[in-house]
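Colleague: I should like a close look at a single part of this model, with enough of its surroundings to place it. Please set out the reasoning step by step.

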Amino acid sequence: QKQLLTIARAILADPKRTTPVTNDALAEKMLVSPTYLKKISRKLVIAKLITSTQGTGGGFILARKKQK
């Protein structure tokens, strides 16, 4: 499971990314079931490592520390 978390963070940390990644797109890139990824993603959101946006254009993005 730690390997999947590392892969998810690496994909979401892409500096070129400007929009959230959907659960299905992330699952496809990681070669895992979308259902399984939802369980992992929920833990990452609770841990505040990623943020989740619902609705059209929603998905996951890597949580960033606020700049001072």
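Modeller: A helix here is a DSSP run of H or I with at least four residues, a strand is a run of E with at least two, and both are numbered from the N terminus. The model is a predicted one. The part chosen for the close look is the contact of α2 with α3, and the rest of the chain serves as its setting.

On this basis the chain has three helices and two strands, and their order along the sequence is α-α-α-β-β. The C-alpha trace extends over about 40 × 30 × 20 Å along its principal axes. A compact globule of 68 residues would have a radius of gyration near 11 Å, and the chain agrees with this because its own value is 11 Å. Of the 68 residues, 28% are buried. The accessible surface amounts to about 5,300 Å², and carbon and sulfur atoms account for 56% of that surface. If one takes the contacts between residues at least 6 apart in sequence, 42% of them connect residues at least 24 apart.

We may now turn to the helix pair itself. Two packed helices are described by the angle between their axes and the distance between the axes. For α2 and α3 the angle is about 105 degrees and the axes are 9 Å apart. Angles of 65 to 115 degrees count as roughly perpendicular, and α2 and α3 therefore belong to that class. On the side of α2, the residues that take part are N23, D24, L26, A27 and M30, and in α3 they meet P34, L37, K38 and S41. By class, the residues of this contact are five nonpolar, two polar and two charged.

Within this contact, L26 deserves attention on the α2 side. The residue belongs to helix α2. Its relative accessible area is 2%, and since buried means under 20%, L26 is therefore classed as buried. Which residues does L26 touch, once those up to four places away in sequence are set aside? They are I11, L12, V21 and L37. The last of these, L37, is among the α3 residues of the helix contact. L26 and L37 are separated by 11 residues in sequence, and their C-alpha atoms are 8.2 Å apart.

On the α3 side, S41 offers a counterpart. This serine sits in helix α3, which covers residues 34-46. Its relative accessibility is 3%, so S41 also counts as buried. Apart from neighbours within four places in sequence, S41 has contacts with N23, I50 and F60. N23 is one of the α2 residues in the helix contact. I50 falls in β1 (50-53), and F60 falls in β2 (59-62).

The connection between the two helices also merits a remark. L31 is in the loop between α2 (23-30) and α3. Most residues other than glycine have a negative phi. L31, although not a glycine, has a positive phi of about 60 degrees. Its relative accessible area is 76%, which means that L31 is exposed. At the other end of α3, K48 occupies the loop between α3 and β1. K48 likewise has a positive phi, near 60 degrees, in a residue other than glycine. At 67% relative accessibility, K48 is exposed.

Helix α1, covering residues 2-12, includes L5. Beyond residues up to four places away in sequence, L5 touches I40 and L44, both of which fall within residues 34-46 of α3. Is L5 buried, exposed or partly exposed? At 25% relative accessibility, L5 counts as partly exposed. L5 and L49 lie 44 residues apart in sequence, with a C-alpha to C-alpha distance of 10.0 Å.

Finally, G57 is located in the loop between β1 and β2. G57 has 54% relative accessibility and therefore counts as exposed. From G57 to D14 there are 43 residues in sequence and 18 Å in space, C-alpha to C-alpha.

To return to the helix pair: α2 and α3 are roughly perpendicular, L26 on one side is buried, and S41 on the other is buried, while L31 in the loop between the helices is exposed.

Key. Residues numbered from 1 in each chain as written. Predicted model: local features only at pLDDT ≥ 70, side-chain atom pairs only at ≥ 80, totals over all residues. Heavy atoms only, no water. Rg over C-alpha atoms; globule rule 2.2 N^0.38 Å. Buried < 20%, exposed > 50% of the residue type's maximum accessible area, 1.4 Å probe, protein only. Contact = heavy atoms within 4.5 Å. Areas by Shrake-Rupley, 256 points an atom, 1.4 Å probe, with all protein chains shown as cover. Axes fitted to C-alpha atoms, helices over the stretch in contact; angles between N-to-C directions. Parallel < 35°, antiparallel > 145°, perpendicular 65-115°, else oblique. Nonpolar A, V, L, I, M, F, W, Y, C, P; charged D, E, K, R; others polar.
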